[in-house]
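This report goes through two sheets, the helices against them, and the surroundings of a ligand. The sequence and structure are shown first.

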Amino acid sequence: MDRLTLDYTNVLASAVGPEHGLDISELEAMAGPSEAALAAVQARRTQDLRWLDLPHQQGVQRDVLDYAASMQDAFRSGDLENVVVLGIGGSALGNRALHAALSSPFHDIARPEGMPRLFVLDNVDPDLVGEFLDTFDVSKCLFNVISKSGSTAETMSQFLVLRQRLVEAVGVEAHRRHIVVTTDAEKGVLRPIVEKEGYASFVVPDGVGGRFSVLSPVGIVSSALVGIDVPGLLAGAAAMDERCREAPFAENPALVYAAIQSLMQEKKGKPMAVTFSYSQRLACLGDWYAQLLAESIGKRVSTDGAEVFTGPTPISAVGVTDQHSQVQLYVEGPFDKWFTLLSVERPDHTVEIPAEYADHDALSYLGGRTMNELFAAEREGTRIALTDANRPNVTIQFPAVTAHVVGQYLYLMELAVAVMGEHYRIDAFDQPGVEAGKVAAYALMGRSGYEARRAEIEAAAGGEPRVV
Ligand code: PA5
């Protein structure tokens, strides 16, 4: 079976020197704390960290696949053409990452017969939503409304706008078939709306926070609708769970990755974590991971109440494209970054480069070779350049971009981030900074119950504005 691997040779001092690289003994010293951190995380598996168990929810998987199958006729007949996710943050990024990784890059331009397009509308920018309304016939759309809290202003406002358009287009009764909701079993306003309207719905279970929810109906409903191999995805995640659940440090990629992240920041002064995806299809996984890392580890207060203002800054780059925009900085700029290269061993396609213009040295070396060779050479070139410039880097090797391997990656990173939370001594599962922004927006929009916050904001807005 295809197994994801983590190659960390190039974070060691033997590869990038003692100033920027880790002595193997430094890493080995993390074995005890890492295994303790893993035990602490796993002890919460049946309590507040129920996301750890998502790959094994066979009943949920069946319900999702049944729902997707029940919609197939509508897509085949052309009654429906598009699936549109209304959600934001953890309720959106996984959908986009899975679609980008496991559907054709051109799926939404030239969709496979009988298959819907998939769009993720994760903004309330009026120029995005307005353009959507101008461009799409809502009667051909299935809206996948995703909000764990069932109260997020962005998602709820989109729901209100699109629901009204649907009712205008197809009538009150028929609009119900165009909406599927994923939300908490009880909390928030979406659940009572689901009950009242009779929308198809799925549950975000307790103990599954937004950014840890991609393997729940939050991520797998839209995946199933566009034909992604959901059983394969969950089986891959389950395989990574088995591999990492109890394995000792030296055999446990989640523990090794979490330890490297923590040492890179705390011992080597590298607050920036770059995910450099050498795969166009995996590029959105870098964005998904950016949220997972930033929201989980970026915290003001430690678990013992001290102000720590901690957390790595995630950066997402794609190879080879960003070799021509960012690599200059990465190789010669400040020593404040470490790198995770995502690499694919067996791309699906082979593209041959014709042997033309043999008398031009600048072209003749390309002729008769493949783009696969060129892509791999550029990836290795970047790895060598980073290493030679003493920039620590690891490589996560995807044997192929399949649902199974992507499932392994998602679970690996989720578990690694949970363990990082223990190393950084913060709560990796809350997001008070996000909530603070939500509360301020509610206050500014005049939501009832937020009057006091509005008064505070208005009182604080003193001083002369200075604008040039
Ligand atoms: O990870 C998180 O918890 C957040 O990013 C949420 O997913 C995001 O704020 C959306 O929340 P909700 O799903 O409740 O609408």
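How many bridges join strand S2 to strand S4, and in which sense do the two strands run?

## Parallel sheet

The model is predicted. In it, strand S2 (residues 82-86) and strand S4 (residues 141-147) run parallel and are joined by five bridges. One residue pair on these strands is Val84, whose bridge partner in S4 is Phe143.

S2 and S4 belong to an open sheet of five strands with parallel pairing, in the order S3-S2-S4-S5-S6. Strand S3 (117-120) and strand S6 (200-204) form the edges, each pairing on one side only. On average, neighbouring strands in this sheet are turned by 15 degrees against each other, direction ignored.

## Helices on the parallel sheet

Helix H4 (residues 58-77) lies across S2, S4, strand S5 (179-184) and S6, and runs at about 150 degrees to S6. Helix H5 (residues 93-102) also packs on the sheet, where it touches S2, S3 and S4. The direction of H5 makes about 145 degrees with that of S3.

## Mixed sheet

Another open sheet of five strands has mixed pairing and the order S1-S12-S11-S7-S10. Its edge strands are strand S1 (5-7) and strand S10 (313-318), each of which pairs on one side only. The average turn between neighbouring strands here is 20 degrees, direction ignored.

Within this sheet, strand S11 (residues 337-344) pairs with strand S12 (residues 393-398) in the parallel sense over six bridges. Leu342 has Ile396 as its bridge partner in S12.

## Helices on the mixed sheet

Helix H12 (residues 253-266) packs on the sheet and touches S1, strand S7 (272-278), S11 and S12. Its direction makes about 150 degrees with that of S11. Helix H13 (residues 283-297) lies across S7, S10 and S12, running at about 180 degrees to S10.

## Ligand surroundings

Which residues come nearest to the ligand? Of the 14 residues around the ligand, these are Ser91, Ser147, Ser149, Thr152 and Gln291. By class, the shell has nine polar residues, four charged residues and one nonpolar residue.

Oxygen atoms of the ligand take part in several polar contacts. A polar side-chain atom of Ser91 lies 2.7 Å from a ligand oxygen atom, and a polar side-chain atom of Glu295 lies 3.0 Å from one. At Arg211 the contact is with the backbone, where a polar atom is 2.9 Å from an oxygen atom of the ligand. Taken alone, the ligand exposes 380 Å², and the protein buries 92% of that area.

Terms used: Residues are numbered from 1 along each chain as its sequence is written. This is a predicted model: local features need pLDDT of at least 70, side-chain atom pairs count only at pLDDT 80 or more; totals for chains, interfaces and linings use all residues. Side-chain values use heavy atoms; hydrogens and water are left out. A residue is near a molecule or strand if one of its heavy atoms lies within 4 Å of it. A polar contact is a pair of N or O atoms within 3.5 Å; within protein, one must be able to donate a hydrogen and the other to accept it, and residues adjacent in sequence count only if both atoms are side-chain atoms. Accessible areas come from the Shrake-Rupley method with a 1.4 Å probe; for residues, only the protein chains shown count as cover. Ala, Val, Leu, Ile, Met, Phe, Trp, Tyr, Cys and Pro count as nonpolar, Asp, Glu, Lys and Arg as charged, and the others, Gly among them, as polar. Two strands pair if DSSP finds at least two bridges between them. Helices (H or I, at least four residues) and strands (E, at least two) are DSSP runs, numbered from the N terminus. Axes are lines fitted to C-alpha atoms, for helices over the stretch in contact, and angles run from 0 to 180 degrees between N-to-C directions. Contact means heavy atoms within 4.5 Å.
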